[in-house]
Amino acid sequence: MDEIRPVRRRARPATDAAGFPAVTAPGARDVPELDAALVTCRACPRLVAWREEVARVKRRAFRDWEYWARPVPGFGPLDAPLAIVGLAPAAHGGNRTGRIFTGDPSGDALYSALYDVGLASQPVATHRGDGLELYGVRITVPVHCAPPDNKPTTGERDTCRPWLARELELLRPTLRAVVVLGGFAWQALLPVLAQAGWERPRPRPSFGHGAEASIADPATGHALHLVGGYHPSQRNMSTRTLTPAMLRDVLRRGADLAGLRDRPGPQ
Ligand code: SF4
């Protein structure tokens, strides 16, 4: 009789070890399990120190808030045909409220646009539990902790990559399009998609507002469509580098490519 060998699981490193995401994320069986592990992550010492410092000092307008001060997971349905990929949580936005793009000017612009194009149940996002629902779209980021000056290092981006790679891999059966907000997200996403099972596009597509690229999924034959758009940062919106109409246009295009606007429902 063959010897039955016990299955040896790779030991999970401590949450503050640099290898914690790379060992933990691939083993998550679904998105809730992934998110439960993600929120314990302390792999980037500079970002952990910053997210907690911001939560201690607070901003005067939010002094009564107990800040989230942890990694911020993606938000939206787990069978979404469309994803939106941004940069990272804002110090007094997602890092305060615990929901991505919630409670800061970028989120105000994004959720208002999502509502206008029929992808959100309400135009405002103030806190978790405010009743906001997304229709067919999940919002996520390549860096899950708020960085100083909204600038993660390339090392922090790479350390965080396994969380997004596994999230997109789990969304892959339904995912058909991604709206990518900003050049940082575009550069971060291409290797993530390769890690999650899509083909690596050659030549590498360039980012621009309205740029499009199509990436093959060798397993299913479905194409994944990427649509680039400027990030709705306060600066881009106030200088009108990105106008509300431009933001709505890229979201509409992403929804079209994802097949969302052909579906009956609350669009
Ligand atoms: S940025 Fe990502 S990898 Fe770094 S501590 Fe936050 S969740 Fe962990």
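What radius of gyration does the chain have, and what value would a compact globule of 267 residues have? The chain has a radius of gyration of 18 Å, and a compact globule with this number of residues would be near 18 Å, so the two agree. The model under discussion is predicted.

**Overall architecture**

The chain contains nine helices and five strands. Their order along the sequence is α-α-α-β-α-α-β-α-β-α-β-β-α-α. Along the principal axes, the C-alpha atoms occupy a box of roughly 70 × 50 × 35 Å. Of the 267 residues, 49% are buried. Among contacts with a separation of 6 or more, 66% are between residues 24 or more positions apart.

**Surroundings of the ligand**

The ligand is surrounded by 15 residues, of which Cys 41, Cys 44, Pro 71, Cys 145 and Cys 160 are the closest. By character, the shell divides into eleven nonpolar, two polar and two charged residues. Two helices, α3 (45-57) and α6 (154-171), each supply at least two residues of this shell. The largest share comes from α6, with three residues.

**Helix α5**

Helix α5 covers residues 105-116, twelve residues in total. The expected span is 16 Å, because each residue contributes 1.5 Å and the number of steps is one less than the number of residues. The end C-alpha atoms of α5 are 17 Å apart, which agrees with that expectation.

The buried residues of α5 are Ser 106, Gly 107, Asp 108, Ala 109, Leu 110, Tyr 111, Ala 113 and Leu 114. These buried residues pack against α8 (234-238) and α9 (244-257). After α5 comes Gly 118, which has a positive phi, near 85°.

**The loop between β4 and β5**

Thr 220 is located in the loop that joins β4 (212-216) to β5 (223-229). Is Thr 220 buried or exposed? Thr 220 has 12 C-beta neighbours inside 10 Å and therefore counts as exposed, the limit for that class being 12 or fewer. Trp 198 lies 22 residues from Thr 220 along the chain, and the C-alpha atoms of the two are separated by 9.8 Å.

**Elements discussed above**

| Element | Residues | Role in the description |
|---|---|---|
| α3 | 45-57 | supplies at least two residues of the ligand shell |
| α6 | 154-171 | supplies at least two residues of the ligand shell |
| α8 | 234-238 | packs against buried residues of α5 |
| α9 | 244-257 | packs against buried residues of α5 |
| β4 | 212-216 | borders the loop with Thr 220 |
| β5 | 223-229 | borders the loop with Thr 220 |

Methods:
Residues are numbered from 1 along each chain as its sequence is written. This is a predicted model: local features need pLDDT of at least 70, side-chain atom pairs count only at pLDDT 80 or more; totals for chains, interfaces and linings use all residues. A residue is near a molecule or strand if its C-beta atom, placed from the backbone, lies within 6 Å of it. Helices (H or I, at least four residues) and strands (E, at least two) are DSSP runs, numbered from the N terminus. Ala, Val, Leu, Ile, Met, Phe, Trp, Tyr, Cys and Pro count as nonpolar, Asp, Glu, Lys and Arg as charged, and the others, Gly among them, as polar. The radius of gyration is taken over C-alpha atoms; the globule rule is 2.2 Å times the number of residues to the power 0.38. A residue is buried if 20 or more other C-beta atoms lie within 10 Å of its own, exposed if 12 or fewer, and partly exposed in between; C-beta atoms are placed from the backbone. Two residues are in contact if their C-beta atoms, placed from the backbone, lie within 7 Å.
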